[in-house]
Structure formats: structure tokens, C-alpha cells
Amino acid sequence: MFKKILIANRGEIACRVIKTARRMGIKTVAVYSEADRDALHVEMADEAVFIGPPQAAESYLVMEKIVEACRQTGAEAVHPGYGFLSEREAFPRALAAAGVVFIGPNPGAIAAMGDKIESKKAAAKAKVSTVPGYLGVIEDAAHAAKIADEIGYPVMIKASAGGGGKGMRIAHSKSEVEEGFNLAKAEAKASFGDDRVFVEKFIVDPRHIEIQVLGDKHGNVIYLGERECSIQRRNQKVIEEAPSPLLDEATRRKMGEQAVALAKAVNYDSAGTVEFVAGQDKSFYFLEMNTRLQVEHPVTELITGVDLVEQMIRSAAGEKLAMTQKDVTLTGWAVESRVYAEDPFRNFLPSIGRLVKYRPPAESKVDDITVRNDTGVQEGGEISIYYDPMIAKLVTHASSRAAAIEAQSQALDSFYIDGIRHNIPFLSALMNHPRWREGNLSTGFISEEFPKGFGPRTPEGETANRIAAVAAAVDHILGERKRQISGQLNGRAVSRERRRAVWLDRNEVPLEVARDGEGIVVRLVGADGALGQPVTLLSNWKPGDPVWQGSIAGHPVAVQVRPMPNGFRLAYQGYEVPVQVFTETEATAARLMPISSAADAGKKVLCPMPGLVISIAVTEGQDVKAGETLAVIEAMKMQNVLRAERDGVVKKIAATPGATLAVDALILEFA
């Protein structure tokens, strides 16, 4: 077994590998760029080597620097994580030339499967069902459009060396193919250094299901069940689960055996994933093979009890698999949410900055509920513009799908982040969506259920009542604290009114609140003035705690509490709402106050996120029609096209290609 390994990656996956290596008694070496000098993976590793500027192309993607770091530290093997160099055939060859072991598959398997075009050819040769498409070299946008016409719309334009949703576009027409082709090539070049793309038929209403395979260097390959990854946005996975609610045992076995046959055909000898697109009728087609550890591997680990990183290390060291296919059992259900640094209320635009507060739910195993958080950041750290926006992967496991989802919902409500915008409100809303809970999934789920994007929502019914009850309890505790301040003038004892008007934004919930021993009792007031049934809230919350954790009428509840002038902002199950708690006298005055509205940006086009200006598509004085491209902004490896919302004439252009802009910086102005 290795004594020291180097992790050629950053962020949560580097931290994840370090944890297993530490448990196995293996020392670790981290590498870091200038932007990651104070990163968590650098702190966790036994040693760390600086490898260059923040841009990945000048640091994490430079093989020579990784090889040199191995030489400096005496690392015997390298784990590549995912992304970066993990699927570059040349990387394990370069390591081997330097006498260093690659913790991953052999270069031949990467060549056959890591390239999306070559993998489809290999799958077709192995009699694996594949999606109709064109696997040859596509010359230009016109050639791509001709191919798409022959295949039939819609089509998927996909980077050959791609992954993580980069370099992928769905096109429904010739014009969309031509635009998507150029964007996909540009993203592929920027992310992978390889601008080849291919075109294939896009299966309508599909599901994305993948099989985890595991091989050793002695010809043994097994599969460890499947993961359903259908909840995607812009072709990037958002929520994953294992097993899939679609599959039965017979279909699972067919997919698994097909994945193993394909892996054996290329002498696969590590952890890898065979991805399938599945129809709602359980039909399935080979999509691609990822010759590395997947982002969503924790859900498989939790239902199988197998540490995939450990198995990769043992396989690389030449050990035989310690299990056979009949030893693999799937127990319970696991759900994973990807927490991203992006603003769901601004069309999921990237968000960068300092993590002023970062308080994830505690990792735990209580009864049959497991909460796990794979992360690569810590409070006070920076979210950078240079890398993928993922902050953490929150994973829950329980005996059933419903229990795992409920545990995930509770854990998301407890996940407190301040300083940047993040997608936890969106994840919480998804967890409580009826269609998700039913398991009625497809890769179009998010676009179908949130066609206008995700915006602030007004809580109603039981949800509104719970938020109002917590607000009343928080306000009551704050009032009790004020009564205990020393040095107050003596006088008659303060008698607190029970009646409160809780404003959820401008929606008023009248109620009565009072202390009852360890708990606080809330009673809603009906339209006729009648009091509802008493509801007891129990919590150890104290002023300053970021999360109110407790129970309402015995039901576990977690609500995030952020102070604001004259009240607080509460977040619960995807709702974020400003809350004020008034006495009757205060409410009477508040109802008379005018409502202020946000200023309109008018005719200015502002940068929607911190990013790099790739191109400006218009000139001053130009007539522009609604829908025309104005500019392309790149942030966190994704290119975002800004389009005109209405017809107009460009009056002034304030930004230039190559400029780095802050959020809301002026790009151009219309007359």
C-alpha cells in the first residue's frame, strides 16, 4: 500500500480523498493555486505544493507541475478527483514515465471511454444500444445544422471531452444549432482544452440513470447499483439519488450487466460510471462512460457501505476486489443536493465573495438517519470566480425514499450560509415539490416545473402558519431577554400583551403567544376573532443563533433567522420572507405606512454577475431587436449570453472584451 499520495485537485473532492487516505494511514499532498492559498484542502493535507496562478489552465491543468510536485514530495501515487486532469489519457502516461502510480483506470480505458465520441463507437461495437447521432468530426456550424436536420430535432450538441454540463446545448431549430455549436466549442475549449463537439438526438422526456462500476487489475469488474440524476438545470446535475425510483430489479440487472460488459471490453480497472438515458418505459441507451469518480458517488457509498475512494486506491496498488457481485447489497435510500454559489432569484447567476457565515448541519447518524456533508470550504473562506461554483454536497440516507427526502429537507433548512448568494432556497423548494416526492422525474423537470425561473414566493396555508409561529416565538424570546437587562428603572412589573400581528412581508397573520414552561404556545386568531387550537413550540434557540431548531406540535422544524431592521428574515422550505412582529398598536400604525418599490434600472444593461467580458456583439448607434445577443459574459467556466429584452438603439457601450466586471457594473446603455 502507498505511504503517500498526491491529490491533483481542489475543493470538496480533494478534502474527500484526504479523509479516506487519512483513515487508511496514508499521508497526503495537496496542490494549490494562488486563489486557493488558504483553502480547506491545503489545511487538511499533510503537505501542500504551490502550482501557479488562479487560472486552472496555468495551475491545476498543467501536468508538468503535478509531476514535479510528486518529485518534490516523494508522492508514490496521484488521485485526480474529477474534472481537471482526471480524464486526460496523457496524464497517467506522464505519471508512469515519472514512476508515479495513477489512482484511476489505465490510459487505454480512458482513451476508449473518456472521449465521448470514441466511447460511443466502442459501445456500438460491443452491441450496446446507443442514441442516434453523428460521431464524426463536425467541420463548422453549417455542417452541424445539416447533421441536425438529418437526425431530426431536438438535438444535443455536446463537447467530446466534456462533463459537468460544460460545452452542452440543446437545439430545437437550425438557428439554435448554429449558435449552440459555436458556444459549445468555445466552452469546451475553455474548460477542457479540446473544442471537438458531436451531435446526437435528444430523447424527449428522458431520465438520466447511471451505473457505478468497480474494477481491479486482475480482470474483475462489478456494478454497485444505479443512481438517478434526472434533476438537472442547464444539463448540470442538481439532485441525485440512489437507487432510482424508476427501476425494478430486472432492469437494474440488465443495465448493470451491460455496464460491466462494456467495462470489461476496455479492461477497466478502477471506479467508473456508465451513463444511460432512460425512457419512462424503462428502455435505456448508452450515453457515455466517465472514467473517474463521479461528483455524486456518496449516494452509492451510503446504500452499499462501500468506500469508493478506498477501492480506487486499493485497485491502483494492485489489490484484488474484496467482493464479488453477489456480495453487493443495496440498503435504504440516499439523496444528495449540490449546494452552489449562485443566486436562484437572479436566474442562478454565479455569486462570489467571502463566506461570512458557513454553518452546515452537523454530520450525524441517529437511528436510521445519516446526514453527511462533503465540502471544501470553511467559514471565512472565499468563493472564487475561477472555479466551479459548488460549495458542498449534502447527503442524507434513511430506510425509505420518503424518509431520506424528509431528512434532506430538514438538513437543507438547517444549512446556514451568509456573505454570498446560494441555491439552498431552490433546493429546499425542490425537496418539498409534490412531483419530486412522487418520483415522477425527467431531465426536463426543472424547466417544466419552473418555466419562468425561480423567484421569491409567498408562503401560504400551513407553511405560512409555521413561519409566523416561529417568528412569534423568536420575538417573544427577544422580549424576555430585554426584560432581563440590568440597570432598568424600578416600577410596576411589565405585563406583555399576548396578541401579535405577524407580517410575512405584507401578509398579516394575527395570533396570540405566551410562555408555557419550557415551551411557547401560539394560537392563531381567525377572521371572526376566535382563537384556534394551542400549538406548542419547543426549541433551545437563543438570540444570535442562526437557525431556530426545534418542534412545532411535535413536528421537527428548522428555520433560518437573519436579523434585519425592525424584524428578521426567515427561511424555511424554500421560502425567504421578511418578517415583522407587531403589537396591535404598532400594527395599526404600520398599516398606514407607504410601500416603497425598488428603482428600475431603466435603459441600462448591467452585468448580472461578476465575470469576464468575452464579447460585445453590438456597436454604438446600432438598432437592436428584442432577443438579439448584446454580450457574452463568462463566470465560473460558463458562458452566459445577454440578450435585448426589447427593441432599441444602443447609445453607449461602457465595457470592452477582456474586462472583468463586478455585479451590476454598466455594460451598455440604450437611447
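**Loops, cis prolines and a domain pair**

Me: Where is Pro154 found?
Reply: Pro154 is found in the loop between α7 (141-151) and β7 (155-163). Keep in mind that this is a predicted model.

Me: What kind of peptide bond joins Tyr153 and Pro154, and what is omega?
Reply: Happy to give the angle: omega is about -5° there, and the bond between Tyr153 and Pro154 is cis.

Me: Why is the peptide bond from Ala242 to Pro243 called cis?
Reply: The value to look at is omega, which is near -5° for this bond. As for its setting, Pro243 sits in the loop that runs between β12 (236-242) and α9 (249-265).

Me: What is notable about phi of Asn235?
Reply: Its phi is near 65°, which is positive, and Asn235 is a residue other than glycine. You will find Asn235 in the loop between β11 (221-233) and β12.

Me: And what is phi of Asn267?
Reply: About 55°, again a positive value, although Asn267 is not a glycine. Asn267 belongs to the loop between α9 and β13 (271-278).

Me: How do you know whether Asn267 is buried or exposed?
Reply: Its relative accessibility is 58%. Exposed means over 50%, so Asn267 counts as exposed.

Me: Which stretches make up domain 4 in the domain assignment?
Reply: Domain 4 covers 461-482 + 496-591. The assignment also gives other domains, including domain 2 (132-201).

Me: What separates the centres of domain 2 and domain 4?
Reply: A distance of 52 Å, with the centres taken over C-alpha atoms.

Notes
Residues numbered from 1 in each chain as written. Predicted model: local features only at pLDDT ≥ 70, side-chain atom pairs only at ≥ 80, totals over all residues. Heavy atoms only, no water. Domains from an automatic or database assignment. Helix = DSSP H or I, 4+ residues; strand = E, 2+ residues; numbered from the N terminus. Buried < 20%, exposed > 50% of the residue type's maximum accessible area, 1.4 Å probe, protein only.
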